Amino acid sequence: MLQRERPTMIGGWGRVTGSPATVVTPDCDEDWAELLGAAGPRGLIPRGGGRSYGDAAQNAGGLVVSTMAEASIGDVDAAAATVEVGAGVTIGDLLRYLAPGGWTLPVVPGTAAVTVGGAIAADVHGKNHERHGAFGRHVAAMTVLTPAYGTVEMSPTVNADEFWATVGGLGLTGIIRRATLRLIPLASWWVSTVDEQQPRLHRVLDRLHAASVSSDHAVAWVDPLGAGVITRATTARLGALTPGRAARTRATPTLPGRGIAWPPLAAAANAARRTAVVLRPRHLRPLSELHFPLDSLPGWPRLHGRRGLVQHQFAVPFGAEHVLAYALQAAREAGHPPSLVVVKVFGEANPAPLSFPGPGWSLAMDFAADPALGPLLDRLDERIAAAGGRVYLVKDSRAHPDLIAAMYPGLARWRAVRALLDPDGLLVSDLARRLRLADQRIDDQIGASHA
């Protein structure tokens, strides 16, 4: 019988959202078969490693379905360069399993704690999007439990519309149970990195774009004034495939006030970063250190004070670089300089209607949570939408629902597929309610106004 925990508060990783829900963890086929009938009027939402910054994996008053028991990893099919895994397998565990055999994932997110199911549902990206795209591009097939049709096999060629609606679909089209992932050869567990300083944002962007073409991975860290450090990484020719131990985690107390987002402290951290680049611009690093720089600080949000962390990540097309400059300037002028700013280059988008990356730039800013941030981020979102950009839904905790259709032009198409897979709206989250993602009536009204 399906075991339920007592209702408890379920929050986002940023510690700025939370709502009471009942957690269930199916661990056999009988549990999964019983699950959909046990949802109740508030529905259910799947939850993996709990690394969504906001409310994407919360469901106030309903069920939250943990997928962590779906943690099997099959043998690598070397001829096809694929592996079948359970949705609850974490990216870190999968990389450690694959590496000794000379395999790795083409796309890796910014934390090892994300599960495979979560990586698909958020269509995560790494520091190599221009070369390899987002995570969903490398999913060969998946098994998804849907309210309308039960278990459905999906791939880019079988039930393709359903497949792409589920990639980036935030768990709102079905619960991913297993996936077959495409792999690439791993020559070494080590990478050579070169850090380069640039004093102006336009120079950071120029050099970052060049690095994204010539390097295996590229990313930039920018201070509130637009000066930055570009890091480019290439595979080291060591032939060492066995990962070392996972990075040691450090105790992360809840700091007072804004914590590390306090402007003098943030300025000191940026100055220290620049000094480190001058003293030692070249490094030999394990892949895990490149991919997951903050995993050694699992309580990173706590360092932003008792209210937690708001990360605002958005993407805009090439040619809209002025929006990046505006974001930094507006944050400074509003008295909310971010504690950390990360810039990446995005390449070609995949067909998923709710996938975040598309050709252009991504900028992510970490803020100490503060109610006064609302007007600043609302103004920024309007600029983003007007420029043809979008916010990253899986990290959102406060966007205005009226802008989402403009940011995601494929939203109506996604809603139509979702209505087929879940006609009664069984799959629902706090984020979906807040942004009215599944409100088919909006599309019906738009269609009627154009009839």
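Which residue in E4 does Val-24 stand opposite? The legends below answer this and take you through several close-up views of a predicted model.

**View 1. A four-stranded open sheet.** Let us start with the opening question: Val-24 stands opposite Val-65 in E4. Strand E2, which spans residues 18–24, runs parallel to E4, and 3 bridges join the two. Looking at the wider picture, 4 strands form an open sheet with mixed pairing, and their order is E1-E2-E4-E3. E1 and E3 stand at the edges with a single partner strand each, so one side of each has no neighbour in the sheet. On average, neighbouring strands of this sheet are turned by 50° against each other, direction ignored.

**View 2. Arg-6 and Arg-15, on either side of strand E1.** Arg-6 is found in the segment before strand E1 (8–11). With a relative accessible area of 75%, Arg-6 is exposed, because the cut-off for that word is over 50%. Try tracing from Arg-6 to Ala-385: they are 379 residues apart in sequence, and their C-alpha atoms are 41 Å apart in space. Arg-15 is found in the loop between E1 and E2. Its relative accessible area is 33%, which makes Arg-15 partly exposed. Take a look at the backbone here too: phi of Arg-15 is near 70°, a positive value in a residue other than glycine.

**View 3. Asp-55, a buried loop residue.** Is Asp-55 buried or exposed? Asp-55 belongs to the loop between strand E3 (44–47) and strand E4 (63–66). Its relative accessibility is 6%, and buried means under 20%, so Asp-55 counts as buried. Which residues is Asp-55 in contact with, leaving aside its neighbours within four places in sequence? They are Thr-17, Asp-396, Ser-429, Asp-430, Leu-431 and Arg-434.

**View 4. Asp-123, between two helices.** Asp-123 is found in the loop between helix H3 (116–122) and helix H4 (129–132). With a relative accessible area of 0%, Asp-123 is buried. Although Asp-123 is not a glycine, it has a positive phi of about 45°.

**View 5. Strand E12 and its partners.** How many of the 6 residues of strand E12 are buried? In this strand (residues 217–222), 6 of the 6 are buried, so E12 is largely enclosed by the rest of the structure. In a regular strand, side chains alternate between the two faces of the sheet. You can follow this here: His-217, Val-219 and Trp-221 point one way from E12, while Ala-218, Ala-220 and Val-222 point the other way. One partner is strand E13 (residues 228–235), which pairs with E12 in the antiparallel sense over 6 bridges. Within this pair, Val-222 stands opposite Gly-228 in E13. E12 and E13 form a hairpin with 5 residues between them, and Gly-226 in the turn has a positive phi of about 100°. E12 is also joined to E16 by 2 bridges, and these strands run antiparallel. Here the bridge partner of Ala-220 is Val-343 in E16.

**View 6. Lys-344 in strand E16.** Lys-344 is found in strand E16, which covers residues 340–346. Its relative accessible area is 14%, so Lys-344 is buried. Leaving aside neighbours within four places in sequence, Lys-344 is in contact with several residues, including His-125, Leu-208, Val-219 and Trp-361. Lys-344 and Ala-268 are 76 residues apart along the chain, and 23 Å separates their C-alpha atoms.

**View 7. The largest cavity.** A search of the whole structure finds 6 cavities of 30 Å³ or more. The largest cavity has a volume of about 70 Å³. Which strand gives the largest share of its lining? That is strand E15 (residues 309–316), with 4 residues. Among the residues lining the largest cavity are Val-310, His-312, Tyr-392 and Asp-396. You have already met Asp-396, which is in contact with Asp-55.

**View 8. The buried side of helix H12.** In helix H12 (residues 411–421), the buried residues are Leu-411, Trp-414, Arg-415, Val-417, Arg-418 and Leu-421. They cover an arc of only 165° around the axis, which puts them on the same side of H12. An α-helix has 3.6 residues a turn, so residues three or four places apart point the same way.

Terms used:
Residues are numbered from 1 along each chain as its sequence is written. This is a predicted model: local features need pLDDT of at least 70, side-chain atom pairs count only at pLDDT 80 or more; totals for chains, interfaces and linings use all residues. Side-chain values use heavy atoms; hydrogens and water are left out. Buried means under 20% relative accessible area, exposed over 50%, partly exposed in between (1.4 Å probe, protein chains only). Contact means heavy atoms within 4.5 Å. Two strands pair if DSSP finds at least two bridges between them. Axes are lines fitted to C-alpha atoms, for helices over the stretch in contact, and angles run from 0 to 180 degrees between N-to-C directions. The arc is that of the directions from the helix axis to the C-beta atoms. On a 1 Å grid over the protein atoms alone, a cavity is a set of points where a 1.4 Å probe fits but cannot get out, and a pocket is an open set with protein on both sides within 12 Å along at least five of seven lines; lining residues have an atom within 4 Å of a point. Grid points are joined across faces, edges and corners, and a volume is the space filled by probe spheres set on the points.
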